[in-house]
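Hi,

Here is the structure I promised to pass on. Please have a look at it first, and then read my notes underneath.

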Amino acid sequence: MAERITDKLVKALEPPETGNRITYDSEVKGFGVRVTAAGAKAFILNYRVAGRERRLTIGSYPDWSAAAAREEAKDLKRRVDQGQDPLSKRIEERTAPTVNDLWKAYEEHHLPNKRPRSAADDRSMWQTYILPRLGSEKVADITAQDVDALHAWISQTKPVRANRVIEVLKTAMFLAIRWKWRSDNPVSGVRRNHEDKRERYLSPKEMVALSEALEAHSEKASCDAIRLMLLTGARKTEVLAAKWSMFDLDEGVWVKPSAHTKQKKTHRVPLSSAAVELLRRIKAEGADPVFVFPGRVAGKPLGDIKRTWAVLCAKAELKNVRIHDLRHTFASVLASNNLGLPIIGALLGHTQAKPLNVTPTCSTIHCERPLKRQPRSSMATTFVKSDDGRAPLNVPRRIF
C-alpha cells in the first residue's frame, strides 16, 4: 500500500534480496523511492508520454531529501502535462556532442578540402590549444567568455597564433551550426590582436649578395628552386611541386593546375626569357623526367628548402627575410617597371589585385652562370606576352 514518502520512511526501508524494490508515494502519482539489493536508494518518477511509460531518476538519497525530491517530481509532471519528455531531454543533454566530437567531425569533413600544409596547421592548433582547453566541454555550452579566455591564454605568448586559432574555431562553430549542434557562433565578435603586415623586399644590393650566395652553395636543386621563385613570383609550394609537363618552354608559359594553386584554379603564367633560360639549363643538365626539382626519394619532389635558405641568408647577410619575400620582391620589380596591379596580380596568381606599398627597385641579378655584376646600362629587357596575347609585359631579363 502506497504511503507518504518521508526521510524517516526512506531511512527505514530494507533492501531486497535481489534486484530492486520501489515504494510509491501516496500523494504524487508516479513518485517513489527505489532500493537496490546493495542498499542504494534513489527517488524516481514514472510517467507516460506519447503512449510510452518512462522512468526518470530524480536523485539519490540522502543527497536529495524526500521533500526536495517530491517538489522536483511535481515540476517534472507539470512539464509532462505540457507535452515535454524530461527523460528524453536529459538523455539528449548527456549525449550532446563535445568539442572533441566537433574536432573529429571537422577532421573528417573539413580538413580534406584544405591543402595538406593548411590541414596540418589546423590539426596542430586543435591538438595544442583548442582540445586541451575545451575538448571535454559540450559544443552547445561554449560561451563567448570561454572563447575570450582561450584567446587571452594563447595571446600571452603567441598573439598572432591566437588569432589563427580563433579563425579555426570560428569555422568549426559555423559547421556546428550547420549540423544543428548549436544555433549561434560564440566566436563572432572576438577582438583580435593587432598584427603588423610584413612587407619585405630585397634591395638591389641584397639581390646581388643573394646571387653570390646561391652561386657558392652546393645544394643545386634548392638554389635553382629559389632562382625560379624570384624569377616568377611563384609560391614555394608551387615551385617545389612543379612538373615538366606544366611548362611549354617554346611558348614561354607555365600552366599551374588547380591542385597546385592556392586559389584551386588553373593559372596560366607567361615566363620571362630569364626564367625560360633557367628551366632550359636545368633540363639540359639531366633533370628528373617528371619533377623540375626532384627530391632525394625517387618519384618524389624536393620536400623543403628551409636549411638551404637559412644558410643563404647567413651568407648574404639578409636580415628578417623569408622565402615568401621573394614573391614580394618579384612584385616590386614588376611595379618598378610600370605594370598595372591587374597584370601583377595575374602573374602572382591573386584572385583580386592587391595594393602594393612598393618602393620601386631595379634588380641587378642575372640568371646565367657565372653570375657577375653588370652596369645598369647593360641590363637587357625581355618582352613577355600576357595571357590574352596583346599587352606585352616589360619584365627585366636580369631579375636573376
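Below is what I found, from the whole chain down to one sheet.

First, the ground rules. This is a predicted model, so to speak with filters on: local features need pLDDT of at least 70, side-chain atom pairs count only at pLDDT 80 or more, and totals for chains, interfaces and linings use all residues. Residues are numbered from 1 along each chain as its sequence is written, and side-chain values use heavy atoms, with hydrogens and water left out.

The protein has 14 helices and nine strands (DSSP runs numbered from the N terminus: helices are H or I with at least four residues, strands E with at least two). Of its 400 residues, 44% count as buried, meaning under 20% relative accessible area with a 1.4 Å probe, protein chains only. About 22,000 Å² is exposed, 49% of it supplied by carbon and sulfur atoms (Shrake-Rupley areas, 1.4 Å probe).

Now the sheet. Four strands make an open, antiparallel sheet in the order 1-2-3-4 (strands pair if DSSP finds at least two bridges between them). Strand 1 (20-24) and strand 4 (52-61) are at the edges with a single partner strand each, so one side of each has no neighbour in the sheet. Strand 1 pairs with strand 2 (residues 31-36) over five bridges, and threonine 23 sits opposite valine 33 there.

Helix 2 (residues 66-81) packs on this sheet, touching strand 2, strand 3 (41-49) and strand 4 (contact: heavy atoms within 4.5 Å). Helix 3 (residues 86-94) also packs on the sheet, touching strand 3 and strand 4.

Cheers

Key: Axes fitted to C-alpha atoms, helices over the stretch in contact; angles between N-to-C directions. Buried < 20%, exposed > 50% of the residue type's maximum accessible area, 1.4 Å probe, protein only.
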